[in-house]
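Biologist: Could you take me through this model slowly, and tell me for each term what earns a residue that name?

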Amino acid sequence: MKRILSAALVAAFLSGVALAVEFTHPQAGKITQSVGDLLDRAHYKGARLNDDISESHLKNYLDALDYNHMMFLQTDVDEFTEKYSRKLDNLTKAADANPAYEIFERYLKRLEATVTHIGGLLKEKHDFTKDEKFIAQRNKLPWPKTAMDAQELWRQRIKFELLNGRLTDEAPAKSAEKITKRYARLQRNMKQFDASDILKVYLSAL
């Protein structure tokens, strides 16, 4: 019963957030504080907002933004872990939702660099006779350690997507066009996120 109550009340909060007009970061902090207080009192497992919940909250949020671990660098994850992994609970109680926006801005920065890099990769000549392995579902794998590692990972990803086009007899130019549009659309959609959209993802992660 507590589980149903907790889920229903949080869903109500998130629905309100999703329908809200653009608001300030302090207002977002107050909403976050209210949701945190709700979960602290009504969570079906009886778990209180603490360092363990904080660690899970951060991990969930990073995964929500970058599920396949290809946008953030390991240095980003290490930085945010050092800064927030055992503090999000306290910041939530203090009506501070700024980590949501700081991390999201870093995501947009990495996404912009990735889209630019993809444009160059699509102009390269890829050797499809070379024996290479790429794991598309990377949510259980580490983030790339450096920018060079990320670029190599995306080279493999784009080659993988181009190969899928070849296997369906799609013209190379058509495959490149579809890939370009796919990632341009992702970037456009993410850049359109406003404060309430970002907060909804952040609170869902909590």
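What follows is a conversation that sets values against the cut-offs behind the words.

Modeller: Please keep in mind that this is a predicted model. The chain has nine helices and zero strands, and of its 206 residues 40% count as buried.

Biologist: Why is Phe80 called buried?

Modeller: Buried means under 20% relative accessible area, and Phe80 has 0% relative accessibility, so Phe80 counts as buried. This residue belongs to helix α4, and, leaving aside its neighbours within four places in sequence, Phe80 is in contact with Leu58, Leu62, Phe72, Ser85, Glu102, Ile103 and Arg106.

Biologist: Which residues of helix α4 are buried, and what puts them on the same side of the helix?

Modeller: In α4, which spans residues 74-84, the buried residues are Asp76, Val77, Phe80 and Tyr84. These residues lie on the same side of α4 because the arc they cover around the axis is only 95°. Among the elements that cover them are α3, α5 and α6.

Biologist: Ser85 is in the loop between α4 and α5, so why does Ser85 count as buried?

Modeller: The cut-off is under 20%, and Ser85 counts as buried because its relative accessibility is 12%. Not counting residues up to four places away in sequence, Ser85 touches Asp51, Ser54, Glu55, Leu58 and Phe80.

Biologist: What makes Phe72 and Phe80 an edge-to-face pair?

Modeller: Two rings pair if their centres lie within 6.5 Å, and planes over 60 degrees apart count as edge-to-face. For Phe72 and Phe80 the values are 6.5 Å centre to centre and 80° between the planes, and the pair is therefore edge-to-face. Both Phe72 and Phe80 are buried.

Biologist: Why, then, is the pair of Phe104 and Tyr107 called tilted?

Modeller: Planes under 30 degrees apart count as stacked, planes over 60 as edge-to-face, and the rest as tilted. The planes of Phe104 and Tyr107 are 35° apart, with 6.2 Å from centre to centre, so this pair falls among the tilted ones. Phe104 and Tyr107 are separated by about one helical turn because they are three residues apart in helix α6, and both are buried.

Biologist: How many aromatic pairs are there, and which residues form one aromatic cluster?

Modeller: The count comes to seven aromatic pairs, and one aromatic cluster is formed by Phe72, Phe80, Phe104, Tyr107 and Phe193.

Biologist: Which residues of the largest nonpolar core touch the most other members?

Modeller: That core has 44 residues, and Tyr61, Phe72, Tyr101, Ile103 and Ile158 touch the most other members. Helix α6 gives the largest share of this core, 10 residues. In soluble globular proteins, nonpolar side chains tend to be buried together. As for Phe72, its contacts, not counting residues up to four places away in sequence, include Leu62, Val77, Ile103, Trp143 and Pro144.

Biologist: What makes Ala205 buried, and how far in sequence and in space is Ala205 from Leu58?

Modeller: Ala205 lies in helix α9, and because its relative accessible area is 7%, against a cut-off of under 20%, Ala205 is buried. From Ala205 to Leu58 there are 147 residues in sequence, while their C-alpha atoms are 7.6 Å apart in space. Residues that Ala205 touches, not counting those up to four places away in sequence, are His57, Asn60 and Tyr61.

Biologist: Which phi value does Ala95 have, and is Ala95 buried or exposed?

Modeller: Ala95 has a positive phi of about 65° although it is not a glycine. Most residues other than glycine have a negative phi. Ala95 is in the loop between α5 and α6, and its relative accessibility of 17% is why Ala95 counts as buried, the cut-off being under 20%.

Biologist: How do you know that Asp169 is exposed?

Modeller: Exposed means over 50% relative accessible area, and Asp169 is exposed because its value is 74%. Asp169 sits in the loop between α7 and α8, and its phi, near 60°, is a positive value in a residue other than glycine.

Note on methods
Residues numbered from 1 in each chain as written. Predicted model: local features only at pLDDT ≥ 70, side-chain atom pairs only at ≥ 80, totals over all residues. Heavy atoms only, no water. Buried < 20%, exposed > 50% of the residue type's maximum accessible area, 1.4 Å probe, protein only. Helix = DSSP H or I, 4+ residues; strand = E, 2+ residues; numbered from the N terminus. Arc of directions from axis to C-beta. Contact = heavy atoms within 4.5 Å. Core = buried A, V, L, I, M, F, W, Y, C linked by side-chain atoms within 4.5 Å. Phe/Tyr/Trp six-rings, centres within 6.5 Å; stacked < 30°, edge-to-face > 60°.
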